[in-house]
Amino acid sequence: MKNIDIRTVDPKDLVERQSVKIDMSLPREERIKQYINQIKNPYCYLDGDVIVKVSFQEEGVTLEQRLEAYIRNL
């Protein structure tokens, strides 16, 4: 999923970030699962008409930590 090339991806195949709805009453792990199930590819999605590709360094903050921070700020 993280190796997707945004120059060749079809926007119709991506999920609009605004369409993702998270039940904040769920435990953290369940909220993360809910987000991933809805967004399909957490590395590449739509934000309006813009294709967003997310990448992370091998060291430092993990994807799980980033997703947790994102979900807390919804």
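Which residue forms a salt bridge with Arg28, and how far apart are the closest N and O atoms? In this predicted model, the partner is Glu68, and the closest N and O atoms of the pair are 3.2 Å apart. The contact links distant parts of the chain, as Glu68 belongs to helix α2 (residues 63-72) and Arg28 to helix α1, 40 residues apart. The two partners sit in unlike surroundings: Glu68 counts as buried because its relative accessibility is 14%, below the 20% cut-off, whereas Arg28, at 27%, counts as partly exposed.

Glu68 also has a partner within its own helix. Its side chain meets that of Arg72 in a salt bridge, with 2.3 Å from N to O. Arg72 and Glu68 are four residues apart in helix α2, so about one helical turn separates them. With a relative accessibility of 57%, Arg72 counts as exposed. These pairs are part of a wider arrangement, for salt bridges that share partners join Arg28, Glu29, Glu64, Glu68 and Arg72 into one network. Over the whole structure, the search finds seven salt bridges.

Another of these links involves the first strand. Arg17 forms a salt bridge with Asp47, and here the closest N and O atoms lie 3.2 Å from each other. This pair, too, links distant parts of the chain: Arg17 is in the segment before α1 (28-39) and Asp47 in strand β1, 30 residues apart. Asp47 has a relative accessibility of 32%, and therefore counts as partly exposed.

It helps to place these residues in the overall fold. The chain holds two helices and two strands, and from the N terminus on, its elements run α-β-β-α. Its radius of gyration is 13 Å, close to the 11 Å that the globule rule gives for 74 residues, so the chain is as compact as a globular protein of that length. The C-alpha trace spans about 35 × 30 × 15 Å along its principal axes. Of the 74 residues, 27% count as buried. The accessible surface of the chain comes to about 5400 Å², and carbon and sulfur atoms account for 48% of it. Among contacts between residues at least 6 apart in sequence, 58% join residues at least 24 apart.

The two strands pair with each other. Strand β1 (residues 44-47) and strand β2 (residues 50-53) run in the antiparallel sense, with four bridges between them. Asp47, already met as the salt-bridge partner of Arg17, has Val50 of β2 as its bridge partner. Two residues lie between the strands of this hairpin, and Gly48 there takes a positive phi near 70°. A positive phi also appears at Lys40, again near 70°, but in a residue other than glycine. Most residues other than glycine have a negative phi. Lys40 is found in the loop between α1 and β1, and its relative accessible area of 55% is why this residue counts as exposed.

Turning to the interior, the largest nonpolar core has ten residues: Val15, Val20, Ile22, Ile32, Tyr35, Ile39, Tyr45, Val54, Leu67 and Ile71. Two or more of these come from each of α1 and α2, and α1 gives the most, with three residues. One member of the core, Tyr45, illustrates how various parts of the chain meet. Leaving aside neighbours within four places in sequence, Tyr45 is in contact with Leu14, Val15, Arg17, Tyr35, Ile39, Val50, Ile51, Val52 and Val54. Arg17 therefore appears twice in this account, as a contact of Tyr45 and as the salt-bridge partner of Asp47. Val9 offers a further view of the segment before α1, where this residue lies. Val9 is buried, with a relative accessible area of 14%. Beyond neighbours within four places in sequence, the contacts of Val9 are with Ile4, Leu14 and Ile51. Leu14 and Ile51 are also among the contacts of Tyr45. By contrast, Val9 and Glu59, which are 50 residues apart in sequence, are 27 Å apart in space, C-alpha to C-alpha.

Note on methods. Residues numbered from 1 in each chain as written. Predicted model: local features only at pLDDT ≥ 70, side-chain atom pairs only at ≥ 80, totals over all residues. Heavy atoms only, no water. Pairing = 2+ DSSP bridges. Salt bridge = Lys/Arg side-chain N within 4 Å of Asp/Glu carboxyl O. Buried < 20%, exposed > 50% of the residue type's maximum accessible area, 1.4 Å probe, protein only. Core = buried A, V, L, I, M, F, W, Y, C linked by side-chain atoms within 4.5 Å. Contact = heavy atoms within 4.5 Å. Rg over C-alpha atoms; globule rule 2.2 N^0.38 Å. Areas by Shrake-Rupley, 256 points an atom, 1.4 Å probe, with all protein chains shown as cover.
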